[in-house]
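Colleague: I am new to this one and would love a guided tour. Could you take a close look at a single part for me, and then show what lies around it?

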Amino acid sequence: MNPRRVAITGLGLVSPFGGDLADFFARLLAGESAIRLLHTDDLPRPLSMPFAGCPGFDAEAALGRPLAGMLDRFAQLGVAAAFAAWDDAGLTRTAQGDEREDWGVVWGTALGGTMAYEKGYRDLWQNGKERLSPLSLIHGLNNAANAQISIQLGLGGVSMSHTVACASSSIAIGEAFRRVRSGEAAVMLAGGSDTPQAYAVARAWEALRVLANADEASAPYCCRPFAADRSGLVLGEGGAALVLEDWDHAVARGAVIHGELAGYGTTCDHSHLVRPAAAGQVRALNAALADAQLTTADIDYVNAHGTATPEGDPVEIDALRSVFGNGAERLAVSATKSLHGHLLGAAGALEAIITVLALREGAIPPTAHLENLDPACAGVDHVTTARHQQPLSAALASSFAFGGSNAVLAFRAVADQP
Amino acid sequence: MNSLTLIREFLDGRLGVPPDKVVPEATLAALGVDSLMMLELVFEFEDRFGIALAKDLKSPKTVGDMVALMERLRSEKS
């Protein structure tokens, strides 16, 4: 079977700013941060950390009361994002006929239903309960998001979730992409969701000493990838989803095509659980380029993994310099986590959406708060304020996870179709 | 609280079913109570009244059946 071209026909997210997709992208271009100080009432010691939450998310409004009540927050965010992407693609919520019997969903989540089980532990160990409600198990299922998306949209093909830490949803998108390209499915929904504010999860990140320090006033500016004065990463919650579609299928039904997913490369550093290695990232970048039949000269923008850690940032720039050689100096790079935080399993999907919008709109959102470049991160064209009216034809989005798993997605702008 | 009120509050809170639809002759399935939601409803009842239902209990079909079951268990307990 001839490989199919893969169109991106639907984009959906739960925005930390509370608005729609256009509003989200406009705020990123304006350099507006969604990061605030999060206070909780947890025992024995409340959380107080910079965080990019979705405080305006109304699960009942997005999903209806019965469905919202069946889901833990990570799955609520995921299904809401999937619905938004599906609506954006102009597809109906209910299936007609059996066309969707081989359509599927591939999801990514690093933590899955962790918050649901955490609630159980609290009830049993802190709140004096002796038993848990029957829905506790349903809430805690790590595949709850993909399963409910399949149920709600009538998708009869593969339905699964990948857990690959910070690369979860990039890998989900890549694996879904392969199924559309091979002709196995005309339409696949892919994305990810996560809620890393689970108490023990947040505390565990804190213990690793990689989280940014901030107070109320400095929180919006505390995530500074590639900066000499960075203090660490900022966790965020959210959900993001893309509809991937056989190009001819999309054209035949008159769908709006936002961009083309042209290639996917995934590798493992196979060296260390948390210390990234440039060699593994180089192989992933080259694999994505080769898969997309693109060369480094074609790439106008890279949405970097850029988490703002001294361990990660220089290695990533080192890998880009290796791959792009003399062209690296002219390569536009930005790390939008400076504005929306690190959504763990949802990060790759959110950043894929940002990359598609950058290509579609000809506008590059910045790495915010990057005033003092870390010399170890020099050698690429860091985008520190938004660039508009850019003729962008192709771009990469990178996710480099704990565990050494790397995933790079390669996108083409629609206007640049060969 | 009587058993019908408990069922009404539960269905309103969990599924958004208006209380005036929760009448004795209504079937639980038609109100959106599937097997999972039935487990939750039983759990809520047990929790509220300190009663443990037998595991092999036959599921009631209508709101009226459910009310009758709850009332019987409560009177047996008291």
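Which residue of β9(A) does I8(A) stand opposite?

Modeller: Happy to help! Before the tour, please note that this is a predicted model, in which local features need pLDDT of at least 70, side-chain atom pairs count only at pLDDT 80 or more, and totals for chains, interfaces and linings use all residues. Residues are numbered from 1 along each chain as its sequence is written, while chains are lettered from A and ligands numbered from 1 in the order in which they are written.

Now to your residue: I8(A) stands opposite G259(A) in β9(A). Next to that pair, A7(A) stands opposite E260(A) of β9(A). Helices (H or I, at least four residues) and strands (E, at least two) are DSSP runs, numbered from the N terminus. Strand β1 (residues 6-13) of chain A and strand β9 (residues 259-268) of chain A are paired antiparallel, with three bridges; two strands pair if DSSP finds at least two bridges between them. Strand β1(A) is also joined by seven bridges to strand β8 (residues 238-246) of chain A, again antiparallel. There, G12(A) has A241(A) of β8(A) as its bridge partner.

These strands belong to an open, mixed sheet of eleven strands in chain A, ordered β5-β4-β6-β8-β1-β9-β14-β13-β10-β11-β12. Its edges are β5 (159-162) and β12 (381-382) of chain A, each of which pairs on one side only. Eight of the eight residues of β1(A) are buried, so this strand is largely enclosed by the rest of the structure. Buried here means that 20 or more other C-beta atoms lie within 10 Å of the residue's own; 12 or fewer makes a residue exposed, anything in between partly exposed, and C-beta atoms are placed from the backbone.

From the sheet we can go on to the helices. A284(A) is part of helix α11 (residues 278-291) of chain A, and A284(A) counts as buried because it has 28 C-beta neighbours inside 10 Å. Leaving out residues up to four places away in sequence, A284(A) touches G265(A), T266(A), T267(A), N406(A), A407(A) and V408(A). Contact means that the C-beta atoms of two residues, placed from the backbone, lie within 7 Å.

Elsewhere, helix α4 (residues 73-88) and helix α7 (residues 144-153), both of chain A, have axes that come within 9 Å and cross at roughly 40°. That makes α4(A) oblique to α7(A). Axes are lines fitted to C-alpha atoms, for helices over the stretch in contact, with angles from 0 to 180 degrees between N-to-C directions. Angles under 35 degrees count as roughly parallel, over 145 as roughly antiparallel, 65 to 115 as roughly perpendicular, and the rest as oblique. On the α4(A) side, the residues that meet α7(A) include F74(A), G78(A) and W86(A). The contact of α4(A) with α7(A) has nine nonpolar, three polar and no charged residues. In this scheme Ala, Val, Leu, Ile, Met, Phe, Trp, Tyr, Cys and Pro are nonpolar, Asp, Glu, Lys and Arg are charged, and the others, Gly among them, are polar.

Last stop, the partner chain: seven residues of chain A are in contact with eight residues of chain B. On the chain A side, α3(A) gives the most, with three residues.
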